[in-house]
Amino acid sequence: MITAVLFISFFILLFIGVPIGICLGLSSVFTILFASSTQLMYSNLNLSIIATNTYTGISKFLLLAIPFFVLSGNIMAKAGISTHLVRFIDDCIGHRKGGMAIVCVIVACFFGAISGSGPATVAALGAVLIPAMIESGFTVSFAEALMATSSSIAIVIPPSIAFVVYASISGESVGDLFMAGIIPGIMMGVALAIVVMIEAKKKNIQPPHEKRSWKERWNSFKDAVWGLLMPVIILGGIYGGIFTPTEAAAVAVVYGLIVGIFIYRQVRLKELFEIFVDSAKTSGSIMLIVASASLFSYCCTLFGISSAAQALLTSVSTNRVVFLIIVNIILLIAGCFIDANSAMYIFVPVMLPVAKSLGYDPVAFGIMITVNLAIGQVTPPVGVNLFVAMGLRIKNAAASLVSGKEEYYHVTLPMISKAVIPMIIACLIVLLLLTYIPQISLLLL
């Protein structure tokens, strides 16, 4: 009965549109109150354990990296790094068929390595790249779906907030997770580029421009190099033993300020307050989810739900292949409804011990979970990246010319859901490879 109260209240709140952090917290509170009032063995429970466990969930030094990575990403976005990255990648490969869409995939990977957030990547790049893809011949639904899917790689390419959360739960090294995420992120990018080339060939989409000269490429590289260096500095510093992952996040903020204020000169001192406020809002929402998910996970442990789930998983999946199939199915379904950070706190404590008992490497398991949840960012009905892409106001130049007033494209959920299917299939192929050949993720370790 306690299990039913926890999960039924959670899904009711979720389906009526309550934010995920509130869903997790309120369902946990309802369950604690129900258990303390109806079960004699839990009669000593009181509301003070809610405050204790939510605080314990976020009072980890490792999680301090999250607000710093969020702030550094916002600073670099404000500095206009996206414009410089688009120009450089376009100069390199924009002369190929479907070149602008391939540019979208590559730039999303690089920008994701700066922001660490899928929705932030869509918001920062979509207004520039979606119109460019439409102009080069792609449909608006395909362009928005590709922008959303490419941006989901942001939580796989390091530095990734999802990896920080997984490390805080599992005790694994953040640096190892960052290094392990590089090849899977690149594989997802290559898979999406193949989808683009197939679409370009099918629609006979021509290159948007002639091949650029090496001089033009060098000039655009000099402008973009400051943004390209950020992931190198972070990973190099961590693996060189210069600083910890949390210190690396702080270094990223300082580096972003130097680039934004003194090199690109796009960030003014008076704009810093707005950047700090936006970063605080984003960090606050993430930490609320982490705190609520910690309380939810505590309830699962306290009431024996986690132990029962582990026993069930162990009994039905003594074979590692079967276990991994079950895990992938559960996570892909969960990704349709909840965000990556929440899913980590709910499922990792249950699944990771079973994975370890079957001899599966915990770092590779973290990569597999993260890729699953990255796909979840573009799977309806709650694919957050899809909704961010659909929310962008993309001007319809042809319709505006005819009507004499500004017209905008209107993409519905069924339209973008249909367009995103080939991209999800491509990412699922990558997921299967990473799941059953974990050595791919561990190659750089």
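User: Happy to be looking at this one with you. How many aromatic pairs does the structure hold?

Analyst: Glad to help! This is a predicted model, and it holds eleven aromatic pairs.

User: Why is the pair of Phe 138 and Phe 142 called stacked?

Analyst: The ring centres of Phe 138 and Phe 142 are 5.3 Å apart, and a pair needs centres within 6.5 Å. The planes of the two rings stand at 10°, and planes under 30 degrees apart count as stacked, so the pair is stacked. Phe 138 and Phe 142 are both buried, too.

User: Which residues do ring pairs link into a cluster?

Analyst: Phe 7, Phe 10, Phe 11, Phe 15 and Phe 296 form that cluster.

User: How do you know that the charged end of Arg 217 sits over the ring of Trp 214?

Analyst: The charged end of Arg 217 is 4.6 Å from the centre of the Trp 214 ring, and the distance cut-off is 6 Å. The definition also asks for a position within 35 degrees of the ring normal, and the contact is listed as a charge over the ring.

User: Let's turn to charged pairs. How many salt bridges are there?

Analyst: The count comes to six salt bridges. One of them joins Lys 78 to Glu 271, with the closest N and O atoms 4.0 Å apart.

User: What makes the pair of Lys 78 and Glu 271 a tie between parts that are apart in sequence?

Analyst: Lys 78 belongs to helix 4 (residues 65-78), while Glu 271 is in the loop between helix 13 (245-263) and helix 14 (272-302), so the salt bridge ties together parts 193 residues apart in sequence.

User: Why is Glu 271 called buried and Lys 78 partly exposed?

Analyst: Buried means under 20% relative accessible area. Glu 271 has 17%, so it counts as buried. Lys 78 has 37%, which falls between the 20% and 50% cut-offs, so Lys 78 is partly exposed.

User: Which residues are linked with Lys 78 in a network of salt bridges?

Analyst: Arg 268 and Glu 271 are linked with Lys 78 in that network. Glu 271 forms a salt bridge with Arg 268, where the closest N and O atoms are 4.0 Å apart. Arg 268 counts as partly exposed at 48% relative accessibility.

User: What makes Lys 203 and Glu 199 a salt bridge?

Analyst: The side chains of Lys 203 and Glu 199 meet at 2.9 Å, N to O, and the cut-off is 4 Å, so the pair qualifies. Both residues are in helix 11 (residues 182-203), and being four residues apart they are separated by about one helical turn. Glu 199 is buried at 12% relative accessibility, whereas Lys 203 is partly exposed at 42%.

User: How do you know that the side chains of Asn 328 and Asn 372 make a polar contact?

Analyst: The two side chains come to 2.6 Å, and the cut-off for a polar contact is 3.5 Å. Asn 328 lies in helix 16 (residues 320-335) and counts as buried, with 7% relative accessibility. Leaving out residues up to four places away in sequence, Asn 328 touches Met 368, Asn 372, Leu 431 and Thr 435.

User: Now the nonpolar side. Which residues have the most contacts inside the largest nonpolar core?

Analyst: That core has 156 residues, and those with the most contacts inside it are Ile 66, Leu 129, Met 133, Leu 146, Ile 338 and Phe 365. Beyond its neighbours within four places in sequence, Ile 338 is in contact with Phe 10, Leu 14, Ile 20, Ala 343, Ile 346 and Phe 347.

User: What makes the backbone unusual at Asn 204 and Arg 265?

Analyst: Most residues other than glycine have a negative phi. Asn 204 has a positive phi of about 55° although it is not a glycine, and Arg 265 has a positive phi near 55°. Asn 204 is in the loop between helix 11 and helix 12 (214-239), and Arg 265 is in the loop between helix 13 and helix 14. With 65% relative accessibility, Arg 265 counts as exposed, while Asn 204, at 49%, counts as partly exposed.

User: Why is the peptide bond from Pro 158 to Pro 159 called cis?

Analyst: Its omega is near 0°. Most peptide bonds are trans. Pro 159 lies in the loop between helix 8 (140-152) and helix 9.

Definitions and conventions. Residues numbered from 1 in each chain as written. Predicted model: local features only at pLDDT ≥ 70, side-chain atom pairs only at ≥ 80, totals over all residues. Heavy atoms only, no water. Core = buried A, V, L, I, M, F, W, Y, C linked by side-chain atoms within 4.5 Å. Buried < 20%, exposed > 50% of the residue type's maximum accessible area, 1.4 Å probe, protein only. Contact = heavy atoms within 4.5 Å. Phe/Tyr/Trp six-rings, centres within 6.5 Å; stacked < 30°, edge-to-face > 60°. Helix = DSSP H or I, 4+ residues; strand = E, 2+ residues; numbered from the N terminus. Polar contact = N/O pair within 3.5 Å; in protein donor to acceptor, adjacent residues only side chain to side chain.
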